[in-house]
Amino acid sequence: MRKPLVAALFALVMTGAGAAPAVAASAPESAPTQVSAKAVPADTEAAAPTLQAVSLAGTVALSNCSGSVVRFPNSADTDPALVLSNGHCLETGFPDPGEVIVGQASSRTFSLLNSAGTKVATLRASKVAYSTMTDTDITIYQLTSTYATIKNSYGISALTVQNTHPTAGTAITVASGYWKRLYSCSIDGFVYRLKEGGWTWKDSVRYTSACNTIGGTSGSPVVDQSTGKVVAVNNTGNEDGERCTVNNPCEVDASGNVTVRQGINYAEETYQIPACFTTGNKLDLTLSGCVLPRP
């Protein structure tokens with residue numbers, strides 16, 4: 001979780017009013033053109049992906065975060081489309097530790113982007129299919145549009161969520177619809193437990209240092225550059241070198257040893273999500289192989 005990047009004064013707001021787990025931004029949906037030097041590094045262009053498999057096509061901008069239109073290996077074109085973001089990006093506030101939200105009404109809107117980062121449509125949710133910040137940090141919205149409608153109307157295909165565990169060393173791109181930016185690096189490794197404030201996440205992805213994600217990149221898809229598939233969802237980074245505090249997650253190994261890596265950023269794996277959805281993109285947490293937390 002990371003502070004919103006609008007002005008330094010917001011840091012005080014965050015510490016006093018439930019600071020944003022992970023990397024949410026509190027700016028309006030139309031991102032500000034001028035932010036702090038930390039928010040927009042001088043080498044923005046250097047963050048472009050090295051392979052053409054990755055672009056901003058299919059990503060979305062939320063009012064305070066990033067996200068993407070996603071499908072699963074068995075999704076049909078006629079299924080209602082889904083948007084993947086972070087649990088801490090939920091419009092009704094951060095889910096508490098241990099809380100799981102299923103089927104919550106929502107009419108949230110999303111700006112759909114093409115490969116150049118240009119808005120081509122406004123999509124609307126019909127409900128929150130699933131949201132939690134326990135074990136992982138995800139929100140999955142069901143939309144009022146099908147994949148076929150989105151493809152036929154706007155020429156945009158959904159990103160496919162890989163249903164196998166990602167691999168260390170994989171070249172990845174974090175694609176932020178909020179900032180319309182791409183960050184490229186590699187998977188440095190995996191974290192047994194990642195703790196931040198009252199939340200704990202399991203088997204998190206740790207990036208190499210080149211992915212210097214910022215506020216507003218929360219919920220961005222983490223895309224395997226060689227396949228174009230989503231392998232994780234971007235969610236946090238240690239800003240100040242503090243130990244296990246909000247905006248300063250710490251790594252905890254199986255023996256309980258704690259490691260703090262200031263300036264390093266993280267994501268939550270998504271390979272376990274497809275096993276929890278059945279025909280018609282319907283959530284079923286009782287399915288064999290589904291390990292997502294239940295309400």
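Arg 206 is buried in this predicted model, its relative accessible area being 10%, and its side chain forms a salt bridge with Asp 188 in which the closest N and O atoms are 2.8 Å apart. Because Arg 206 lies in strand S11 and Asp 188 in strand S10, this pair ties together parts that are 18 residues apart in sequence. Asp 188, at 40% relative accessibility, counts as partly exposed, so the bridge joins a buried residue to a partly exposed one.

A second bridge brings together the side chains of Arg 261 and Glu 251, with 2.8 Å from N to O. Here the pair links distant parts of the chain, since Arg 261 sits in the loop between strand S15 (258-259) and S16, while Glu 251 belongs to strand S14 (residues 250-252), ten residues apart. In this pair Arg 261 is partly exposed, with a relative accessible area of 32%, whereas the acidic partner, Glu 251, is buried at 7%. Salt bridges that share partners join Asp 188, Arg 206, Glu 251 and Arg 261 into one network.

The structure holds six salt bridges, and another of them is formed by the side chains of Arg 108 and Glu 91, at 3.7 Å from N to O. Arg 108 lies in the loop between S4 and S5 and Glu 91 in the loop between S3 and S4, so that parts 17 residues apart in sequence are tied together. Arg 108 is buried, with a relative accessible area of 9%, and Glu 91 is partly exposed, with 37%.

Covalent links come next. The count comes to four disulfides, and these follow the pattern 1-2, 3-4, 5-6, 7-8 when bonded cysteines are counted along the chain. One of them joins Cys 185 to Cys 211, with an S to S distance of 2.1 Å; the torsion about its S-S bond is about -100 degrees, so this disulfide is left-handed. Cys 185 lies in strand S10 (residues 181-196) and Cys 211 in the loop between strand S11 (199-207) and strand S12 (221-224), so the link ties together parts that are 26 residues apart in sequence. Both of these cysteines are buried.

In the disulfide of Cys 244 and Cys 250 the sulfur atoms are 1.9 Å apart, and a torsion of about 95 degrees about the S-S bond makes the link right-handed. Cys 250 has 0% relative accessibility and therefore counts as buried. The disulfide between Cys 276 and Cys 290, with 2.0 Å from S to S, is right-handed at 100 degrees about the S-S bond. Both Cys 276 and Cys 290 are buried.

Pro 293 lies in the segment after S18 and is buried, with a relative accessible area of 14%. Leaving aside neighbours within four places in sequence, Pro 293 is in contact with Val 100, Tyr 130, Thr 134, Asp 135 and Leu 285. Pro 293 and Ser 131 are 162 residues apart in sequence, yet their C-alpha atoms are 9.7 Å apart in space.

The nonpolar interior remains. Of the 40 residues in the largest nonpolar core, Val 69 and Phe 110 touch the most other members. Several elements each supply at least two residues of this core, among them strand S2 (66-71), strand S6 (119-132) and helix H2 (147-154), and the largest share, six residues, comes from S6. Not counting residues up to four places away in sequence, Val 69 touches residues including Val 60, Leu 82, Leu 112, Leu 123 and Ile 150. A second, separate core of 15 residues includes Ile 172, Ile 187, Val 205 and Val 222.

Note on methods
Residues numbered from 1 in each chain as written. Predicted model: local features only at pLDDT ≥ 70, side-chain atom pairs only at ≥ 80, totals over all residues. Heavy atoms only, no water. Disulfide = S-S within 2.5 Å. Helix = DSSP H or I, 4+ residues; strand = E, 2+ residues; numbered from the N terminus. Buried < 20%, exposed > 50% of the residue type's maximum accessible area, 1.4 Å probe, protein only. Contact = heavy atoms within 4.5 Å. Core = buried A, V, L, I, M, F, W, Y, C linked by side-chain atoms within 4.5 Å. Salt bridge = Lys/Arg side-chain N within 4 Å of Asp/Glu carboxyl O.
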